[in-house]
Amino acid sequence: MIQLQNLVKDYGNLRAVDHINFEINEGEILGFLGPNGAGKSTTLKMITCFLTPTAGNITVEDRNVYDNSKEIREMIGYLPETNPLYTDMTVYDYLKFVADIRKISNFKQRLKEVTDKCGLHGVVSKPIGTLSKGYRQRVGLAQAIIHDPKILILDEPTTGLDPNQIVEIRQLIKELGKEKTLIMSSHILQEVQAVCDRIVIINKGKIVADGSTQQLQNNFQNKNKLVLEIMATKDELGSLADAVEGVELLSLEPVTAHINKAVLEYSVEQDKRKEIYEFIKQQEWVLLEMKRESMSLEAVFRNLTIEEGGQA
Amino acid sequence: MNATKIIANKEMKSYFNSPAAYIVLVVFLLIAGWFFASPLFINNQAELRTLFNIVPMIFIFFVPAITMGLIAKERNIGTIEQLSTFPIKESQIVMGKFWASLGLIAVGLLFTLVHFLTIIILGQNIDYGAIICGYLGLILLGAVYSSIGIFASSLTDNQIVAFIISFLIIFFLFILEYSLFILPSYLSGFFQYLSIGYHFSNLTRGVIDTRNLVYFGSLIVLFLRFSVLTLENRKWK
């Protein structure tokens, strides 16, 4: 539905977006992830036709941003990162203004649907300037969906909200994603993980990973970690790695005088937990804790973005 | 309703929703009223010429004050991003703002009709033609100043900077008429044509000359076009 081809954007000497290629399919919820300043917002601004690419092309349903910018803007609902609003207008006046500009004929009906969806009841007649940040974000979202667009682009929709508001807005985004093609940028991994089907990670203007949450996790994770706390001496515990085949001892450190903590590693293909447990039982050690640590997406993200940073 | 009209309406509403527009209007009317009324009693003569002399000068401050925020504020709070991603043209944004500022100027001028009424009641041998032409001149003058103000407002996200830039451009066009004596005589004709006062004074005398209309028209078109270009240029930065 949306295709980005060799997309480049320069700000003076700074290359903010560097030959990006990817495609967004209809109905997908895409998480656009990257550290601050990676080029997320710049890319989204180019899709929404706020900025013109330095090179490359963006097509939305076979229309490109150079020649058919107006039609593309009609199809997209956009919530910019700063969620700019006219604070002196009431919510009603603002939504009416947006609806008029977007040439919506059935405003009353749309207003009702949008206020229902975004939970704006009770604030419709209030000036936007008096609303809390969470409500303003809802107004921003309402504005973006008032014309029932096919594509919804949300630039860091949850920044600056408190944890309760974040949960609410995420819920709302998930709800909206059911019927629309949605692109959402974020620098918070759990958020993207919670809401999106697919993740594109961008760093220093380049795409460093692209795939579903599961795929990304699998690609970058080939070892499982197992953390054990056992009442046994260091030497005794050291023998565990030798005794069970395919297990490596990563670290061994004392917790108290009688308790030691060992971190073991084994490949994802073979689950070694059974063997390890049986060995412990055979030795008649007291097992206090046994916990598997999978490499989280957080770690994938950190690896990707920091490695890339090191190279540059 | 087309986008220009929607934006003009929105700006008009936002003018009258904030105290700033009322303050500016009141100050404008106080100054204009004072300068109209004092010679009325001193010279014992009822005429609108004093008004037509003073209003262009008040406009030098009044118009930049009402146009300074039109685009600069949108840039400052970021709503320009939203506005630019709506399916409308930059020229519609600029024209909408232009009509709104001209509307506010017209409201200001409408109140000065009180002075016109005074003249009708007190005066004799009133030259209605000259007065109508004078008002036409003031509207055109306001339109020129507005387009300059909007252009200045499109250059920056700081309203004060926008005010100063538009003030300087307008002041330059205004002062030209009075600085012709320092120029060599072969240039003075050219600079006289550039000066805004020269064209305005023709109108207040009741003469509608196409040369004057072309002058006002081309300045308006020029500065509005510049504003559109400035807005479009942002995309390529």
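Let me begin with a pair of strands in chain A, where β7(A) and strand β8, which covers residues 181-186, pair in the parallel sense over five bridges. Please keep in mind throughout that this is a predicted model. If you want one contact to look for in that pairing, take I151(A), whose bridge partner in β8(A) is T181(A).

Now, what joins β7(A) and β8(A) into a right-handed β-α-β unit? The element that completes the unit is helix α6 of chain A, residues 163-177.

β7(A) also has a partner in strand β6 of chain A, residues 76-79, and these two strands run parallel, joined by four bridges. Here you can find G77(A) standing opposite L152(A) in β7(A).

Next, is β7(A), residues 151-155, mostly covered or mostly open? The strand is mostly covered, since five of its five residues are buried. When we take the two faces in turn, I151(A), I153(A) and D155(A) are buried on one side, while L152(A) and L154(A) are buried on the other, so that both faces of the strand are covered.

Finally, let us move to chain B and to a single residue, S201(B), which has its place in helix α10, residues 196-204. Why does S201(B) count as partly exposed? The reason is that S201(B) has 18 C-beta neighbours inside 10 Å, whereas a buried residue would need 20 or more and an exposed one would have 12 or fewer. I would also point out G134(B), which lies 67 residues from S201(B) along the chain, although the C-alpha atoms of these two residues are separated by 8.5 Å.

Note on methods
Residues numbered from 1 in each chain as written. Chains lettered and ligands numbered in written order. Predicted model: local features only at pLDDT ≥ 70, side-chain atom pairs only at ≥ 80, totals over all residues. Pairing = 2+ DSSP bridges. Right-handed = clockwise from strand over helix to strand, strands pointing away.
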